[in-house]
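Have a look at the protein below and turn it around a few times. We will then walk through it together, one part at a time.

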Amino acid sequence: MLKIFIDPGHGGDSIGASYKGRTEQDDCLRLALAVRDILFTQKGVETMLSREDNTDPDLLKRCERANGWGADYFISIHRNAFSPEAATGVEAWVYSEVETQGVTYNMAQNIVDNLCAVTGYRNRGVKKGAPAYRDYAVNRYTEMSSCLLEVGFIDNTKDNTVFDTAFSEIALSIAKALMENAGLEFIPPVIKGDADGDGKVTASDARLILRAAVGLEKIDTARGDLDGDGKITSEDSRKALRIATGLEE
Ligand SMILES: [Zn+2]
């Protein structure tokens, strides 16, 4: 069983970076929970989170928990900050002493590459150490391969727009990379209403379902049958549209 430890950065009094009322601790937690939920649908993988709410476990304790659990991989999720609207993109930080192009390095690279490929985020690559000191604690005190992932700049409006609009794709790409790094097949979870399989329910899915209801399109029943009556009808399309517009969960 592949054991993945997911560490949402900051939490509690440690809000991390913030910009226009948005906090890093909140973005990190939302994304970590989404990655966890996606991995929950996959075979051969177990997950553990360092926090599941707005608390701030000690950094060393986060690492010790992962070590004690025997995690195979540790991923710490953060958002970057520099100066307002000045920097953009995704990067990962690994322990300063890992080999360039070695296993840990390449796994981090794979996560960054996957994420940038689906979102169009600028690829800032994999870096060793930490910007102002030798190593991040999460890379220094963990005994397994690890990386600290910076998912776009929270002080960049465009990066935040990508973070919000491509949120599902970001979570899916991270989960997929984590699985593939370990040689496991990633099977995208079936989301009811997500007729085109892009990870979210939008108005275009509602249209697809309506076309399927009248026989113009063939789609997976598991995706299109939202009311669970075993067939795809215009009622399912209406339900999908309500989900897409936030009127229904
Ligand atoms: Zn951070």
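The paragraphs below go from the domains to the sheet, then to the helices and the cores.

Keep in mind as you read that this is a predicted model. Start with the overall division: the domain assignment gives domain 1, residues 2-181, and domain 2, residues 203-244. Taken over C-alpha atoms, the centres of domain 1 and domain 2 are 35 Å apart.

Now find the strands. Six of them, 6 strands in the order β4-β1-β5-β8-β6-β7, make up an open sheet with mixed pairing. Which strands stand at the edges? They are β4 (45-49) and β7, and each has a single partner strand, so one side of each is left without a neighbour in the sheet. If you look along the sheet, the twist from one strand to the next averages 20 degrees.

Let us visit both edges. At one of them, β4 runs parallel to strand β1 (residues 2-8), and 5 bridges join the two. To see one such pair, pick Ile4, whose bridge partner in β4 is Thr47. At the other edge, strand β6 (residues 90-94) and strand β7 (residues 123-128) also run parallel, joined by 4 bridges. Here you can pick Trp93, which has Lys127 in β7 as its bridge partner. How does the chain get from β6 to β7? The path goes through helix α3 (residues 103-119), and this β-α-β crossover is right-handed.

The helices come next. Helix α3 packs on the sheet, where α3 touches β6, β7 and β8, and its direction makes about 165 degrees with that of β6. Helix α1 (residues 24-40) lies across β1, β4, β5 (73-80) and β8 (145-153), and α1 runs at about 145 degrees to β5.

Finally, look inside. In soluble globular proteins, nonpolar side chains tend to be buried together. In this model, the largest nonpolar core has 48 residues, and Ala92 and Ile111 are those with the most contacts inside it. Helix α6 (residues 167-181) gives the most to this core, contributing 8 residues. Try centring your view on Ala92: leaving out residues up to four places away in sequence, Ala92 touches Ala108, Ile111, Val112, Val126, Cys147, Leu148 and Leu149. Apart from this core lies another one, of 12 residues, including Ala206, Ile209, Leu210 and Ala212.

Terms used: Residues are numbered from 1 along each chain as its sequence is written. This is a predicted model: local features need pLDDT of at least 70, side-chain atom pairs count only at pLDDT 80 or more; totals for chains, interfaces and linings use all residues. Two strands pair if DSSP finds at least two bridges between them. A crossover is right-handed if, with the strands pointing away from the viewer, the path from the first strand over the helix to the second runs clockwise. Domain bounds come from an automatic or database domain assignment. A nonpolar core is a set of buried Ala, Val, Leu, Ile, Met, Phe, Trp, Tyr and Cys residues joined through C-beta atoms within 7 Å. A residue is buried if 20 or more other C-beta atoms lie within 10 Å of its own, exposed if 12 or fewer, and partly exposed in between; C-beta atoms are placed from the backbone. Two residues are in contact if their C-beta atoms, placed from the backbone, lie within 7 Å. Axes are lines fitted to C-alpha atoms, for helices over the stretch in contact, and angles run from 0 to 180 degrees between N-to-C directions.
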